[in-house]
Amino acid sequence: MRSIPFSKFHGFGNDYIVVENAAIADVDIAAFARAICNRHTGAGSDGIAVLEKLDSGDADYFCEIVNPDGSIAGFSGNGTRCAVSYLYHNQIWTEPDLRLATRSGVKNYTLLESDRQGHFAFEAEIGKPKFSSSEIPFKSATNDADVIDREVDLNGEKFGVSCVNVGNPVACVYVDDFDLDWRSAGRGLEVHEAFPKRANIVFVKVLSRDAIEIKIWERGAGETAASGTCSSGAAVLSAYTNRTGRDVKVVSEGGVTAVKWRSDDEIVLTGNADFIYSGEWRSA
C-alpha cells in the first residue's frame, strides 16, 4: 500500500481534491479520480486538480483537471482556484501573482485576500471566449460564427441553446424560472449528439442588467453548487445576447461569482476558495 497526500478545497461549494503530480506519477489518474471523488466510498469531490511545477516557459505551474468520471477537463474556474489556494495555503508560493498553465491556455491569478483559516479570494484572467460552432464544438453543417438560441431536440422536447467555449464548452438554456426538470434535461443535453465533446449545461434566469441566477449540470460531474466556467459562460452569453451588461454577478446555489468581460475580450473571474482538510489516500 502507498499513501497519496491530498488536500480538499471548495469554491462556493464546488469541491476539489488537490494533489501534486509527483505523488501520483505512476498512478492511473482516471481510476484514482473515480475512486477518491466518490461521495460514498471516497473523499468525495467534484473533481481533482493535479499540480506540476514548471521550471521555464510562460507559466509557474501546470494544472490538470480530472472529472469524477475520470475524463479530462480543459479547464475549471473553481478547480484551478482551489489548486492555486493549495499553493498559498502550504506556503509553496508566496508571490502576489501566479501564472497557471492549463489545457486551455495560461491563466493569471492575483491574490486578493487570505487568512490563517484557509480562506482565499482571487481575481483571475481566464482567457477570451470562443463563439464559433467548430470551437465550442457544436455539430453544424457549416462553421457558424456563433451558436445562439439554436433549437436542440431532446426526446421530443425542444430546448433553445446558446453556446460558448470558455476553456470548456458551455451551453446555456434561458428560462423564466426553474420549475422544469432541469437535472434530467441537463443530463440528456450533456451527451446530446449536438455536442461532440459533451458540454456543460447551464440553465439561466436573468435577474437584472447586472445579475443572473444559474443551475448547473457539469460535464463529467453532474449537478454542482457552483462552477467558474459555467458562471463565466453564462455571463458572457448574457452580455453577448444583450440580456445584461458585461459586468455580471452570477448567483448559484453555492454563492455569488463576479464575472467581467472586459473590452479587450478577456474574461475576469473573481471568487473564493476555502480549505476543508488534508489527508492521505491509501492506494495499492
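Before anything else, one definition: two strands count as paired if DSSP finds at least two bridges between them. Hi everyone, and keep that in mind as we walk through this model, which is a predicted one.

Let's begin with strand β11, residues 169-174, and strand β12, residues 200-208. They run parallel, and 5 bridges join them. If you'd like one pair to find on screen, look for Cys 172, whose bridge partner in β12 is Val 202. How does the chain cross from β11 to β12? It passes through helix α3, residues 182-190, and this β-α-β crossover is right-handed.

Now stay with β12 and look at its link to strand β13, residues 211-218. Here the two strands run antiparallel, with 7 bridges joining them. A hairpin makes the connection from β12 to β13 through 2 residues. Another pair to look for is Ser 208 with its bridge partner in β13, Ala 211.

Next, a few spots in the loops. Pro 137 sits in the loop between β8 and β9, and the peptide bond leading to Pro 137 from Ile 136 is cis, with omega near -10°.

Phe 12 is in the loop between β1 and β2. Its phi is near 55°, a positive value in a residue other than glycine. Asn 155, in the loop between β9 and β10, also has a positive phi, near 55°.

So, is Phe 12 buried or exposed? Its relative accessibility is 12%, and the cut-off for buried is under 20%, so Phe 12 counts as buried. And Asn 155? With 79% relative accessibility, and exposed meaning over 50%, Asn 155 counts as exposed.

Thanks for listening, everyone!

Terms used: Residues numbered from 1 in each chain as written. Predicted model: local features only at pLDDT ≥ 70, side-chain atom pairs only at ≥ 80, totals over all residues. Heavy atoms only, no water. Helix = DSSP H or I, 4+ residues; strand = E, 2+ residues; numbered from the N terminus. Right-handed = clockwise from strand over helix to strand, strands pointing away. Buried < 20%, exposed > 50% of the residue type's maximum accessible area, 1.4 Å probe, protein only.
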